Amino acid sequence: MPDPSNTDAIPDANTPYARLLAELRELAVLTSINATLGWDQEVMMPPAAAELRGEQAAMLSTLMHERRTSPRMGDLIAQCEADAETMADPDAAANLRNLRRDYDRVTRLPTELVREMAEVSTLSMHRWREAREKGDFAAFAPWLERLVGLNRTTAEALGVPEGGELYDALLENFEPGMRAAELDRVFGELRAGLVPLIRELRESGSPPDAAWMNIPLAMDAQVAFNRGVVERMGFDFNGGRLDVSTHPFCESAGPGDTRLTTRYDATQLLSALHGTMHETGHGLYEQGLPKAQRFGQPLAEAASMGIHESQSRMWENLVGRGRPFWEWALPELQRQVSDPAVARLDVDTVYRGLNRVEPNLIRIESDEATYNLHIMLRYDLERAMLKGDLAVADLPGAWNERVRADLGLEVPGHKEGVLQDIHWSMGAIGYFPTYTLGNLYAAQLWDALSGDLADLDDQLRRGEFGGLLAWLRTNVHAHGRRYTAPELCERATGRPLTHEPLLRYLQGKLRPIYGL
């Protein structure tokens with residue numbers, strides 16, 4: 001139940017707006033059950049339960065879709081929109097603006113399509129894990145065929161935005177207001193700066209030493225160090241947890257329940273750290289949204305996946321690969337780990353090694369510069385599949401050729417290639433671009449907060465992250481979906497989104513490391 005001491009949470013129960021909020025909270029509880037089952041599927045569920053989990057997911061998705069599209073929901077939204085007193089409240093008006101958008105979109109989707117997508121994607125994730133382990137694309141291809149088809153049907157049902165294309169209808173699910181044409185522009189500008197920078201660094205002949213990364217560290221020691229960093233960042237373990245999964249993720253089931261996962265490799269000193277910091281960035285955003293007061297309301301939801309990714313990428317890279325962070329973190333690691341090889345490390349070696357630019361087959365293990373080329377590859381290929389310009393059967397060949405052209409690498413097998421990511425098995429076409437959008441937003445937000453927090457580097461050197469988190473709480477987290485992602489970016493940074501801060505950040509950090 002809402003906190004009775006919070007008057008925002010309980011408006012006059014006789015008004016249409018109060019009835020609408022009650023409906024939204026019940027729907028949010030259903031959604032939280034679905035989220036908990038999704039977490040369980042990746043962390044705890046036995047493999048033999050996959051078929052039943054598919055049925056469970058399909059039933060829950062059908063129930064949620066019926067609630068979201070019910071005439072009662074539509075009537076309540078319309079009654080609130082017609083009430084001048086309700087619309088004069090800026091919080092209610094922001095909620096209703098988003099609810100209208102969501103309702104108009106979701107009512108275009110047939111219940112049977114929603115049910116089928118939920119069931120197929122649940123089973124597909126299970127088949128993907130099996131296929132990935134064996135490097136067997138042929139075993140997964142029929143499932144991807146079905147998911148591409150279902151996504152195409154979904155996009156057609158949602159409708160192509162004016163002046164847009166089919167892909168835009170799916171992109172809207174993750175980044176409202178963004179269009180493929182705008183992605184082409186901003187990605188093109190970023191790519192035009194990245195490619196020569198990467199070439200310049202690679203041809204410099206003075207790459208940083210990264211051999212120290214192969215220092216082994218037992219999993220229990222990594223777990224202890226990671227948990228300490230996560231706590232120091234500000235994650236509330238009283239309302240969250242950290243587990244292990246094949247693909248790291250963050251799942252928030254609601255107020256007081258935000259779950260992180262990571263993965264470990266005992267042969268790599270910092271195998272899990274940056275992935276854990278990434279997911280913690282997501283978790284901090286979820287814990288910073290006003291869910292206790294507004295569970296189920298748009299004002300307690302993330303502005304977009306691009307903004308969500310900006311939080312994770314900021315903590316992972318702008319903090320976790322920065323020298324000030326390691327002036328605190330390395331002594332902390334050396335205090336916890338009694339290994340002579342770790343004791344001999346110095347901050348400069350670690351900082352330089354973590355920022356080595358070297359093309360990698362695996363997206364989540366890639367450096368900051370080449371990472372965005374991975375995203376552009378996936379964006380182009382999924383867009384081509386949706387259009388029908390690229391057959392699923394031809395995807396591995398197109399993938400391998402693009403990796404060869406962009407990264408200069410040969411793909412030895414599908415596990416290191418087209419099967420490495422979970423996203424397509426989830427049916428999440430339109431999601432990948434939000435990673436690079438997140439990098440762009442993160443760099444621009446970092447520019448702004450660095451101006452406001454003059455002693456930020458000194459705080460990070462002391463392992464003090466409260467000032468940074470407080471800035472993000474105030475300027476990003478607290479707003480929920482009050483603003484669109486572009487509006488939030490401009491409000492927090494004073495300018496529209498541009499590629500320049502990210503490119504300037506990468507050039508300013510990487511060129512000195514390489515002696516340029």
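## Buried or exposed

A residue counts as buried when its relative accessible area is under 20%, and as exposed when that area is over 50%. Values in between count as partly exposed. R481 has a relative accessible area of 11%, so R481 is buried. The structure discussed here is a predicted model.

## A three-stranded sheet

Strands of a sheet pair through backbone hydrogen bonds, either parallel or antiparallel. Here, three strands form an open sheet in the order β1-β3-β2. Its pairing is mixed. The edge strands are β1 (240-244) and β2 (250-254), and each of them pairs on one side only. Direction ignored, neighbouring strands of this sheet are turned by 20 degrees against each other on average.

How do β2 and β3 run? They run antiparallel, and four bridges join them. Strand β3 covers residues 257-262. The bridge partner of S252 is T258 in β3.

## Helices on the sheet

Two helices can be followed onto the strands. Helix α1 (residues 16-43) packs on the sheet and touches β1, β2 and β3. The direction of α1 makes about 150 degrees with that of β2. Helix α11 (residues 273-288) also packs on the sheet, touching β1, β2 and β3. The direction of α11 makes about 170 degrees with that of β3.

## A closer look at T258

T258 lies in strand β3. Is T258 buried or exposed? Its relative accessible area is 2%, which is under 20%, so T258 is buried. Leaving aside residues up to four places away in sequence, T258 touches several others, including F235, G239, G240 and R241. C250, E251 and S252 are also among its contacts. So are G283, E286 and Q287.

## Salt bridges across the chain

Side chains of opposite charge can pair when their charged atoms come close. How many salt bridges does the structure hold? It holds 47.

One of them joins the side chains of R191 and D406, at 2.8 Å from N to O. This pair links distant parts of the chain: R191 is in helix α9 (residues 180-202), and D406 is in helix α18 (residues 395-407). The two residues are 215 residues apart. R191 has a relative accessible area of 25% and is partly exposed.

## A pair within one helix

R227 and E231 also meet in a salt bridge, at 3.8 Å from N to O. Where do they lie? Both are in helix α10 (residues 219-233). They are four residues apart, about one turn of the helix. R227 is partly exposed at 36% relative accessible area, and E231 is partly exposed at 43%.

## R481 and its network

R481 forms a salt bridge with E301, and their closest N and O atoms are 2.8 Å apart. The pair links distant parts of the chain, 180 residues apart. R481 sits in the loop between α21 (466-475) and α22 (485-493). E301 sits in the loop between α12 (291-294) and α13 (305-319).

The partners fall in separate classes: R481 is buried, whereas E301 is partly exposed at 31% relative accessibility. Which residues are linked in a network of salt bridges? They are R101, D102, E172, R179, E301 and R481.

## A nonpolar surface patch

M219, V223 and V244 make a nonpolar surface patch of about 220 Å². V244 lies in strand β1, one of the edge strands of the sheet. The relative accessible area of V244 is 40%, so V244 counts as partly exposed.

Terms used:
Residues are numbered from 1 along each chain as its sequence is written. This is a predicted model: local features need pLDDT of at least 70, side-chain atom pairs count only at pLDDT 80 or more; totals for chains, interfaces and linings use all residues. Side-chain values use heavy atoms; hydrogens and water are left out. Two strands pair if DSSP finds at least two bridges between them. Axes are lines fitted to C-alpha atoms, for helices over the stretch in contact, and angles run from 0 to 180 degrees between N-to-C directions. Contact means heavy atoms within 4.5 Å. A salt bridge is a side-chain nitrogen of Lys or Arg within 4 Å of a carboxyl oxygen of Asp or Glu. Buried means under 20% relative accessible area, exposed over 50%, partly exposed in between (1.4 Å probe, protein chains only). Patches are made of residues with over 30% relative accessible area and no salt bridge: like charges are joined within 9 Å, nonpolar side chains (Val, Leu, Ile, Met, Phe, Trp, Tyr) within 5 Å. Accessible areas come from the Shrake-Rupley method with a 1.4 Å probe; for residues, only the protein chains shown count as cover.
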